[in-house]
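Hi,

Here is the structure I promised to pass on. Have a look at it first, and then read my notes below.

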Amino acid sequence: MTRVAVVCVALVLGLAYAPVAQESAPFTPDDLVSSWTLSSIERGVSGEKPERIPNPRGLLIFDAAGHAFEFVSTASRQQPETPQTDPLGMFAAYSGFWGGYRVDAGQKRVTFKAQGAISLTTMGREFARSFEQSGDRLTMTSIDEPHAQGGTRWTWERVPAGDPLSPLYRQAV
């Protein structure tokens with residue numbers, strides 16, 4: 001009988017100190033507010049074999065007031081002295097827009113309203129992207145935007161927050 005009591009006490013104590021799985025906080029639109037750098041682009045994601053684009057570069061910024069800015073380049077990294085033999089191809093290698101955004105957290109969707117853009121077909125247009133966020137990684141997939149080329153997926157990495165400026169630097173700025 002004593003052995004059963006000791007086992008029961010040990011079991012109760014063991015369960016009391018067992019790690020409890022913590023639920024992550026629910027997503028809020030403020031979770032997107034940051035600067036993000038582009039780490040990868042895949043085109044044709046609605047097809048069978050998406051194409052990964054080599055060496056993409058880009059910046060995505062969301063602010064708390066509902067403004068967004070995006071610039072993406074898939075151009076090859078050429079020397080500045082190299083003449084462009086395909087100016088239309090070079091223009092197609094750049095994309096970007098700026099304007100407003102709103103987040104539907106339930107559907108995991110961001111809707112953008114491009115007030116300005118590199119492409120005239122994007123300027124003034126409203127379009128949406130689905131998103132998944134995991135820590136400092138944000139993956140967005142085109143839903144209905146121009147130039148999406150069979151569906152495009154962008155993977156962004158959050159830019160680490162910088163240290164606050166010291167009073168000496170603030171004075172200089």
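Before the strands come up, one definition: two strands pair if DSSP finds at least two bridges between them. Strands themselves are DSSP runs (E, at least two residues), and helices are runs of H or I with at least four, numbered from the N terminus.

Some housekeeping. This is a predicted model, where local features need pLDDT of at least 70, side-chain atom pairs count only at pLDDT 80 or more, and totals for chains, interfaces and linings use all residues. Residues are numbered from 1 along each chain as its sequence is written, and side-chain values use heavy atoms, with hydrogens and water left out.

How far to trust it

pLDDT is the predictor's confidence in each residue, from 0 to 100. Its mean over the chain is 81, and 73% of the residues reach 70 or more. Residues 6-13 stay under 50 and have zero contacts (heavy atoms within 4.5 Å) beyond four places in sequence. Residues 18-22 also stay under 50, again with zero contacts beyond four places in sequence. Where pLDDT is low, the predicted coordinates should not be read in detail.

Strand pairing

β7 and β8 are antiparallel and share six bridges; one of the links sets Glu132 opposite Thr139 in β8. Their hairpin has two residues between the strands, and Gly135 there takes a positive phi near 65°. β8 also runs antiparallel to β9, joined by five bridges, and Leu138 has Trp156 in β9 as its bridge partner.

The core

Leu138 and Trp156 turn up again in the largest nonpolar core, which has 22 residues; they are among those with the most contacts inside it, along with Phe62, Val110, Phe112 and Met140. By nonpolar core I mean buried Ala, Val, Leu, Ile, Met, Phe, Trp, Tyr and Cys residues joined through side-chain atoms within 4.5 Å. Buried is under 20% relative accessible area, exposed is over 50%, and partly exposed is in between (1.4 Å probe, protein chains only). Elements giving two or more residues to the core include β1 (34-43), β4 (67-73) and β9 (152-158). β6 gives the most, with four residues.

Aromatic rings

There are six aromatic pairs. Rings of Phe, Tyr and Trp (its six-membered ring) pair if their centres lie within 6.5 Å; planes under 30 degrees apart are stacked, over 60 edge-to-face, and the rest tilted. Phe62 and Phe112 are stacked, 6.0 Å centre to centre with 20° between the planes. Phe62 is in β3 and Phe112 in β6, so this pair ties together parts 50 residues apart in sequence. Phe62 is buried at 2% relative accessibility, and Phe112 is buried at 0%.

What about Phe97 and Phe127: how do their planes sit? They are at 85°, with the centres 5.2 Å apart, so the pair is edge-to-face. Because Phe97 lies in β5 and Phe127 in β7, the pair links parts 30 residues apart in sequence. Phe97 is buried at 3% and Phe127 at 1%. These four Phe residues form one aromatic cluster with Tyr101.

Two backbone oddities

Most residues other than glycine have a negative phi. Asn55, however, has a positive phi of about 55°, in the loop between β2 (51-52) and β3. Lys108 has one of about 50°; Lys108 sits in the loop between β5 and β6 and is partly exposed at 35%.

Cheers
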